[in-house]
Amino acid sequence: MVAGAIGFTGRRTCVSGTDKLAQQHDDQDDPDRDDQDRGRGLMPRWTFLTNHAHVLLAIAADPLVRMRDVAIRVGVTERAVQMIVADLVAGGYLTRSRVGRRNQYTVNRAGTFRHPAESDHRIGELLELFEHSR
């Protein structure tokens, strides 16, 4: 039996990909959107620091921190934190050592930023900025 034949009047709404893009564009044009999101506890659309920087700052604050706790603090998955930590270790920004059943991390404060515009600054300068703000 056809739904319309038994008096079904409910309407299904299908949003096309074009409509979704238009909605995303409208949201991006709203300057108060990030403030509204922050008020509801949502993550803002963009931040000045990358997830790599957030992970590095979390580890610098607590060298024995669990990846699960870093993920919660940064707002990404634990797997994303593991990949970021692997990047930071491979890049020479972190060293990992075993302490009992846990990892302990040491930040290379003498390391420099990767982007050419900031390559004359040390990672330690960023860490000092946030250590003094606590």
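## Accessibility and the basis of this report

A residue counts as buried when its relative accessible area is under 20%, as exposed when that area is over 50%, and as partly exposed in between. Glutamate 131, at 37% relative accessibility, is therefore partly exposed. The structure discussed here is a predicted model.

## Confidence along the chain

The chain has a mean pLDDT of 80, and 66% of its residues reach 70 or more. Among the elements of the chain, the lowest mean pLDDT, 48, belongs to helix H1 (residues 17-29), and the highest, 98, to H5.

Over residues 1-26, pLDDT stays under 50. For this stretch the model has 3 contacts beyond four places in sequence.

## Packing of helix H3 against helix H5

Helix H3 (residues 51-61) and helix H5 (residues 78-90) have axes that come within 10 Å and cross at roughly 85°. This crossing makes H3 roughly perpendicular to H5, because angles of 65 to 115 degrees fall in that class.

On the H3 side, the residues that meet H5 are Asn51, His52, Val55, Leu56 and Ile59. Their partners in H5 are Val81, Ile84, Val85, Asp87 and Leu88. The residues of this contact of H3 with H5 comprise 7 nonpolar, 2 polar and 1 charged.

## Packing of helix H4 against helix H5

The axis of helix H4 (residues 67-74) comes within 8 Å of the axis of H5, and the two cross at roughly 105°. H4 and H5 are therefore roughly perpendicular to each other. H4 contributes Met67, Arg68, Val70 and Ala71 to the contact, while H5 contributes Glu78, Val81 and Val85. By class, the residues of the contact of H4 with H5 are 5 nonpolar, no polar and 2 charged.

Val81 and Val85 of H5 appear in the contact with H3 and also in the contact with H4.

## Salt bridges

Side chains of opposite charge can pair when their charged atoms come close. In this model the count comes to 2 salt bridges.

One salt bridge joins the side chains of aspartate 69 and arginine 66, with an N to O distance of 3.0 Å. Aspartate 69 is partly exposed at 31% relative accessibility, and arginine 66 is partly exposed with a relative accessible area of 38%.

Another joins the side chains of arginine 109 and glutamate 131, at 2.3 Å from N to O. This pair links distant parts of the chain, 22 residues apart: arginine 109 lies in the loop between strand S2 (102-107) and helix H6 (123-132), and glutamate 131 lies in helix H6. Arginine 109 counts as partly exposed at 33% relative accessibility, and glutamate 131 counts as partly exposed at 37%.

Key. Residues are numbered from 1 along each chain as its sequence is written. Side-chain values use heavy atoms; hydrogens and water are left out. Axes are lines fitted to C-alpha atoms, for helices over the stretch in contact, and angles run from 0 to 180 degrees between N-to-C directions. Helices (H or I, at least four residues) and strands (E, at least two) are DSSP runs, numbered from the N terminus. Angles under 35 degrees count as roughly parallel, over 145 as roughly antiparallel, 65 to 115 as roughly perpendicular and the rest as oblique. Contact means heavy atoms within 4.5 Å. Ala, Val, Leu, Ile, Met, Phe, Trp, Tyr, Cys and Pro count as nonpolar, Asp, Glu, Lys and Arg as charged, and the others, Gly among them, as polar. A salt bridge is a side-chain nitrogen of Lys or Arg within 4 Å of a carboxyl oxygen of Asp or Glu. Buried means under 20% relative accessible area, exposed over 50%, partly exposed in between (1.4 Å probe, protein chains only). pLDDT is the predictor's confidence in each residue, from 0 to 100.
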